[in-house]
Amino acid sequence: MESLFVKEITVLGVGNTILTDEGFGVRVVEFLRENYTFPENVQLVDGGTLGVELQHFIIGTQKLLIIDSIDGGAEPGKIFHLRDGEILNHFTQKISAHEIGIQDILTMLEITGKKIPRVELIGVQPYSLDAGIELTPEMKKFLPIFAQKAIEILKSWQST
C-alpha cells in the first residue's frame, strides 16, 4: 500500500535508542529537526526499530537517505557512506531488527518494480552498544558532522 503522504525525498534515521550508540540514526534526525528547515518535498522520519513497518514511510519516495550506526567490524568512529547496491550487501550481513527490515523493504521494492531510484546510507561504527538512552560522548561529536553530511547529500540530489 502506497502512502499518499510520502515525500519525494526521505531522510530516515534508524536505530535502537535504548542501546547508547545504536540510536545514532534517530539522534541525527532529531538534530536535523532541531537545527534545520527543509523544503516541502523532504520528510524526516524517525524509523527507530520499526523494521518492515517502515515501508509505509518510504514506498513512493524517489530519494532515500538512511542514517544509522553501522557495525562494519571497524574501529569505533569509522565513517561509512554506502550507495545503492552496496547497501543491500551491507544489510545481508546484519541481524538487528531494523536492519533486517530495511533489507526486506529494499528487496521487496526492487522485486515489485517500485525500487527507490536513489538510496544512500551514512553511518559510523559505534563506540558502545550498552544499555543507555544517551549516545557516548565520542558519538555525540558526530551529530553535527552527520547533519552536515546529510545536508550536502540532499543538496547534491537537487542537481540530479
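In this predicted model, aspartate 84 is partly exposed, with a relative accessible area of 35%. The residue belongs to the loop that connects β4 with α3 (85-91). Its backbone carries a positive phi, near 40°, although the residue is not glycine. As a rule, most residues other than glycine have a negative phi. A second departure from that rule is provided by threonine 20, whose phi is near 35° and thus also positive in a residue other than glycine. Threonine 20 is located in the loop between β1 and α1. With a relative accessibility of 10%, threonine 20 counts as buried, whereas aspartate 84 is partly exposed.

The strands that border these loops belong to an open sheet. Five strands make up this sheet, in the order β2-β1-β3-β5-β4, and their pairing is mixed. Strands β2 (42-48) and β4 (79-83) form the edges, each of them pairing on one side only. On average, and with direction ignored, neighbouring strands of the sheet are turned by 15° against each other. Within the sheet, strand β1 (residues 9-14) and strand β3 (residues 63-69) run parallel and are joined by five bridges. In this arrangement, valine 11 stands opposite leucine 65 of β3.

Two helices were examined with respect to the sheet. Helix α1 lies across β1, β2, β3 and β5 (118-124), and its direction makes an angle of about 145° with β2. Helix α6 lies across β1, β3, β4 and β5, running at about 165° to β5.

Aromatic side chains provide a further link between these helices. Three aromatic pairs occur in the structure. In one of them, phenylalanine 24 and phenylalanine 146 meet edge-to-face, with 5.1 Å from centre to centre and 90° between the planes. This pair connects distant parts of the chain, since phenylalanine 24 lies in helix α1 (residues 24-35) and phenylalanine 146 in helix α6 (residues 142-158), 122 residues apart. Both phenylalanine 24 and phenylalanine 146 are buried. Phenylalanine 146 also forms an edge-to-face pair with phenylalanine 142, at 6.1 Å centre to centre and with 75° between the planes. Phenylalanine 142 and phenylalanine 146 are separated by about one helical turn because they are four residues apart in helix α6. Phenylalanine 142 is likewise buried, as is phenylalanine 146. Through these ring pairs, Phe24, Phe142 and Phe146 are linked into a cluster.

An aromatic ring also takes part in an arrangement with a charged group. The charged end of lysine 78 is placed over the ring of phenylalanine 80, at 5.3 Å from the ring centre.

The loop between α1 and β2 contains asparagine 41. Asparagine 41 has a relative accessible area of 28% and is therefore partly exposed. When residues up to four places away in sequence are not counted, asparagine 41 touches Lys7, Glu8 and Ile9. Asparagine 41 and glutamate 8 are 33 residues apart along the chain, while their C-alpha atoms are separated by 5.4 Å. The side chains of asparagine 41 and glutamate 8 are joined by a polar contact of 3.0 Å.

Terms used
Residues numbered from 1 in each chain as written. Predicted model: local features only at pLDDT ≥ 70, side-chain atom pairs only at ≥ 80, totals over all residues. Heavy atoms only, no water. Phe/Tyr/Trp six-rings, centres within 6.5 Å; stacked < 30°, edge-to-face > 60°. Buried < 20%, exposed > 50% of the residue type's maximum accessible area, 1.4 Å probe, protein only. Lys NZ or Arg CZ within 6 Å of the ring centre and 35° of its normal. Pairing = 2+ DSSP bridges. Axes fitted to C-alpha atoms, helices over the stretch in contact; angles between N-to-C directions. Contact = heavy atoms within 4.5 Å. Polar contact = N/O pair within 3.5 Å; in protein donor to acceptor, adjacent residues only side chain to side chain.
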